[in-house]
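Here is a brief structural report. Please keep the sequence and the 3D view open while reading.

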Amino acid sequence: MERESHPADRPTDLDYGRYVRLAADYRAAGYDDRAARHAFAMEDPAFNALLIVSELALAAMSRELGRPHERHTRRADRLTRTLVERLWDEEAGLFRVRDLHDDALVDESSVSGLIPLLVPDLPADTVRHLRATLVGRRFSAPATELVPSYDLTGHAFDQHRYWRGPTWFNTAWLIHRGLRTHGLQPDAERIRAGFLDQAKHSGFAEYIDAATGKGRGTRHFSWTAALALDLLCAGHEEALAMTADTRIQLVRDATFVRLTTDGSITGSRGAAPDGLFFQDARHLSRWQLTVDGTDPVALVPATAESDDTAVCVLTPEGTRDDPPAYTVFRRQSVTEGTFTEHLRLVSNRPDAVTARVELTVDTDFADLFELRADDRRYEKSGAEHGIHATGDGLRVSYHRGDWHADTEVVCRPAPDAVAPTRSGTQATARMLSWHLPLDAHGETELQLTVRARPHGRPLPTSGPEQTPRPAAYTKSRGTDDLSLACERGLADLDLLTIPVTGVDGEKVRVPAAGIPWFLTLFGRDSLLTSYFLLPYRPATAAAVLSALAAAQGRTHDPFSGEQPGRIVHETRHGELAHFKQVPYGRYYGAVDATPLFLVLLHAHHEQTGDPSLAIRLEAHARRAVDWMLTDGGLDEHGYLVYSPDPGGLVNQNWKDSDGAICFRDGTQADGPIAVCEAQGYAYDALLRTAALARHLWNDPLYARSLEEHAHRLRERFQTDFWMKDEDFPALALDGGGRQVDALASDAGHLLWSGILDEERALRVGRRLLEPDFFSGWAIRTLAAGQRPYHPLSYHRGSAWPHDNALIALGLARQGLTEELRTLAEGLVAAAAGHGYRLPEVLAGYARSATAGPVPYPHSCSPQAWAAATPLALRTALEQERDDPSS
């Protein structure tokens with residue numbers, strides 16, 4: 001074996017002598033901690049974390065063998081509580097070693113304090129703090145993704161000294177597993193990729209210098225090689241695990257509930273929070289059933305019977321020789337503001353038994369923005385919870401200033417007792433308990449109803465009326481995959497439809513953007529969704545246009561981005577928006593919603609032949625054009641531009657995540673930023689509005705002016721955005737007029753809007769179907785092979801169905817028949833691989849690399865413009881078939 005480290009880097013002879021002395025003393029005491037007082041006695045967080053997961057592994061093996069596992073799970077629970085109580089240091093953001101001689105935490109921070117991420121039942125706040133510490137400056141090594149063995153800022157840090165600074169493969173592997181345990185898959189993937197890269201380039205070194213990234217110690221080290229094999233085998237598994245969300249989601253009437261496979265709610269946060277959600281708030285954060293004092297066993301895990309109802313079959317613990325005394329048939333459903341549960345308990349025995357049923361209930365009233373995995377914390381001073389036992393259940397109230405919300409639980413029969421519970425971390429949790437007698441082979445029932453009352457709304461009635469549904473899709477052409485995807489998409493759009501106020505105060509129904517994060521009106525999303533639906537449901541476009549006209553900007557407000565004539569980006573109804581802790585109550589940070597409003601207004605008239613809506617919204621359309629010319633930047637900058645909003649969105653096109661508008665080296669562009677696709681939308685909007693002015697508004701002078709603006713914009717664009725060396729459009733121009741040179745899918749939108757000349761449009765369309773762009777499923781947001789590309793990045797390597805839908809419509813417009821068919825086949829196959837429901841985002845992995853399409857881990861599903869994508873594909877393919885040249 002080769003070695004590359006100085007002897008001084010390793011433990012000294014004195015250190016080794018101490019290790020030998022400790023071992024000898026322990027042996028002399030018969031390995032009995034009670035027999036002698038050891039000179040060195042510590043409680044170590046890493047050791048105890050490994051002990052906990054070992055107990056859980058034994059429990060899992062016992063279950064598999066049909067043997068009792070309770071003692072292992074109880075021991076793991078007890079050890080977990082003790083670990084947090086004795087070794088957690090919240091101020092330090094990690095676990096510490098405790099010295100048993102003085103019973104004090106040792107003021108040193110090492111990787112040992114992060115390894116308890118392995119423990120699955122850590123409190124959510126603890127996990128959040130651990131992750132923040134892991135990715136913060138104390139444990140982010142400058143030259144490797146592996147985790148330093150000691151705090152980089154600590155007084156004893158030594159980049160060369162064995163466990164005082166270098167990064168180790170074995171601890172990185174443990175932390176990787178811990179991150180996966182808590183659903184922190186992007187962080188886990190980062191460490192996995194870094195591990196494999198370092199192992200390869202260091203010759204499977206023993207450990208790595210955190211400052212230089214060079215291998216240290218022995219080469220061809222056994223655990224480095226073995227753990228690399230494990231992570232290589234886990235590669236595809238990792239990708240799937242990043243998106244594996246086993247929760248059941250039920251949706252109806254702007255309300256949704258997310259449940260575990262036994263029908264529980266645990267209060268989880270991050271990428272896949274569970275709970276009952278209504279009006280941007282979680283109205284139920286805990287709903288955990290126990291039977292006869294234990295968690296029930298799911299004989300049949302929760303299965304969605306329909307979009308709003310799930311069923312499962314549970315029993316108390318039992319064995320082959322002592323089978324369960326009864327079975328619980330659980331049925332759960334959701335409708336507007338209401339979650340209902342029906343439990344039917346059926347005795348399995350020939351003699352009478354009594355079932356002891358307990359239900360732990362809690363509600364945190366968390367705003368959706370609090371639940372995201374972005375480590376943001378929001379001050380909520382003066383917030384008060386009230387818990388009131390009622391004659392038939394429980395009512396929990398929440399007050400903060402003028403904000404007031406309630407959750408009510410009604411039980412039939414009423415519970416025998418309602419008492420505080422000590423489990424969990426919330427003082428508001430209550431346990432409802434029943435003793436339900438069962439005759440021999442008899443049965444009994446328990447009916448539970450949860451009603452949510454968001455701020456400003458009454459509690460739902462006991463029997464809410466079903467909201468009328470839009471007309472069913474009638475253009476199905478059979479059972480082919482595209483037709484099935486269209487039908488699933490339209491059903492999802494029905495689920496996502498919400499009531500909002502129209503321009504004249506009327507109630508209209510529009511598609512919300514998606515679940516779980518965006519069950520509200522979004523300008524860009526609703527506009528493109530209804531554009532895709534135009535040949536099939538033109539009434540959706542009319543409703544969206546009316547709703548957005550009602551919310552059109554009237555004044556200048558830097559906090560929300562409101563400007564006269566600007567179309568809103570999103571609306572929110574939650575507590576944080578109410579108190580202006582986030583700017584999204586009505587947020588206008590979108591550069592593209594305004595031109596898309598104009599595109600849809602004309603397209604609706606073009607599709608339906610009905611001029612009434614375009615005439616009704618003439619003033620709003622003119623104000624939208626005025627915004628494009630003034631605040632939007634066309635007159636001053638020559639292009640639609642936006643400047644990053646530090647309190648809101650850094651990027652304000654459809655790729656609105658931080659860093660999405662980047663140069664090929666990964667650097668985010670500085671503002672004012674002119675993204676390429678928005679210029680295409682503006683060009684199309686000007687021409688379409690000119691057509692309305694000429695033919696409906698009887699204003700030919702205004703029409704001519706808009707056409708002149710459009711032609712000048714097109715000429716500038718061809719010169720300023722075209723990258724000659726790449727023969728491809730720039731993603732954007734930055735504030736200095738430099739071409740933002742990342743090769744991005746946005747260029748495909750230019751085929752749809754028509755701003756490119758014919759020859760360049762054809763070259764762009766063909767380029768987008770090359771392997772670095774086209775994964776086999778869809779066109780990636782960034783071409784692979786560029787420095788910022790990542791297949792699991794939100795906007796820098798993933799693939800979005802709606803993005804591809806616009807490209808497909810553009811390919812059809814340009815007569816690129818072969819490319820259109822290739823793209824449509826990939827997307828339809830991806831839909832079929834997801835039960836005909838396209839997710840919001842797909843990972844950028846090549847089709848040849850995975851057994852099926854991999855969704856992005858934080859993807860909304862259902863999501864409106866993804867649901868409408870199959871309809872856009874059908875339209876594009878029919879345009880292609882109607883084109884004689886094809």
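## An edge pairing

Strand β15 is joined to strand β16 (residues 309-315) by 6 bridges, and the two run antiparallel. In this pairing, A304 stands opposite A310 in β16. The model is a predicted one.

## The eight-stranded sheet

The β15 and β16 pair belongs to an open sheet of 8 strands. Their order is β15-β16-β17-β18-β25-β22-β21-β20, and the pairing is antiparallel. β15 (297-306) and β20 (384-390) stand at the edges. Each has a single partner strand, so one side of each is left without a neighbour in the sheet. From one strand to the next, the twist averages 15 degrees.

What holds neighbouring strands of a sheet together? Strands pair through backbone hydrogen bonds, either parallel or antiparallel.

## The four-stranded sheet

Another open sheet has 4 strands, in the order β14-β19-β24-β23. Here too the pairing is antiparallel. The edge strands are β14 and β23, and each pairs on one side only. The twist averages 20 degrees from one strand to the next.

Which strands does β24 pair with? One partner of β24 (residues 430-438) is β19 (residues 353-362), in the antiparallel sense and over 9 bridges. Within that pairing, A355 has L436 in β24 as its bridge partner. Strand β23 (residues 417-420) is also joined to β24, by 4 bridges, and these two run antiparallel. There, A417 has S433 in β24 as its bridge partner. In a regular strand the side chains alternate between the two faces of the sheet.

## Q288 in an edge strand

Q288 is found in strand β14 (residues 286-291), an edge strand of the four-stranded sheet. Is Q288 buried or partly exposed? Its relative accessible area is 23%, so Q288 counts as partly exposed. The cut-off for buried is under 20%.

Q288 also has a spatial link to I265. The two are 23 residues apart in sequence. In space, they are 6.2 Å apart, C-alpha to C-alpha.

## Cavities

How many cavities of 30 Å³ or more does the structure hold? The structure holds 2. The second largest has a volume of about 30 Å³.

Six residues line the second largest cavity: L527, L528, Y531, L596, V599 and L600. Two elements give two or more residues to this lining, α11 (523-533) and α14 (593-608). By class, the lining of the second largest cavity has 6 nonpolar residues, with no polar and no charged ones.

## The whole protein

The protein has 24 helices and 34 strands. How does its radius of gyration sit against the globule rule? The radius of gyration is 30 Å, close to the 29 Å that the rule gives for 886 residues, so the protein is as compact as a globular protein of that length.

Along its principal axes, the C-alpha trace spans about 100 × 75 × 55 Å. Of the 886 residues, 57% count as buried. Q288 is not in that group, because its 23% makes it partly exposed.

Conventions: Residues numbered from 1 in each chain as written. Predicted model: local features only at pLDDT ≥ 70, side-chain atom pairs only at ≥ 80, totals over all residues. Heavy atoms only, no water. 1 Å grid on protein atoms, 1.4 Å probe; cavity = no way out; pocket = protein on both sides within 12 Å on 5 of 7 lines; lining within 4 Å. Points joined across faces, edges and corners; volume = space filled by probe spheres on them. Nonpolar A, V, L, I, M, F, W, Y, C, P; charged D, E, K, R; others polar. Pairing = 2+ DSSP bridges. Axes fitted to C-alpha atoms, helices over the stretch in contact; angles between N-to-C directions. Rg over C-alpha atoms; globule rule 2.2 N^0.38 Å. Buried < 20%, exposed > 50% of the residue type's maximum accessible area, 1.4 Å probe, protein only.
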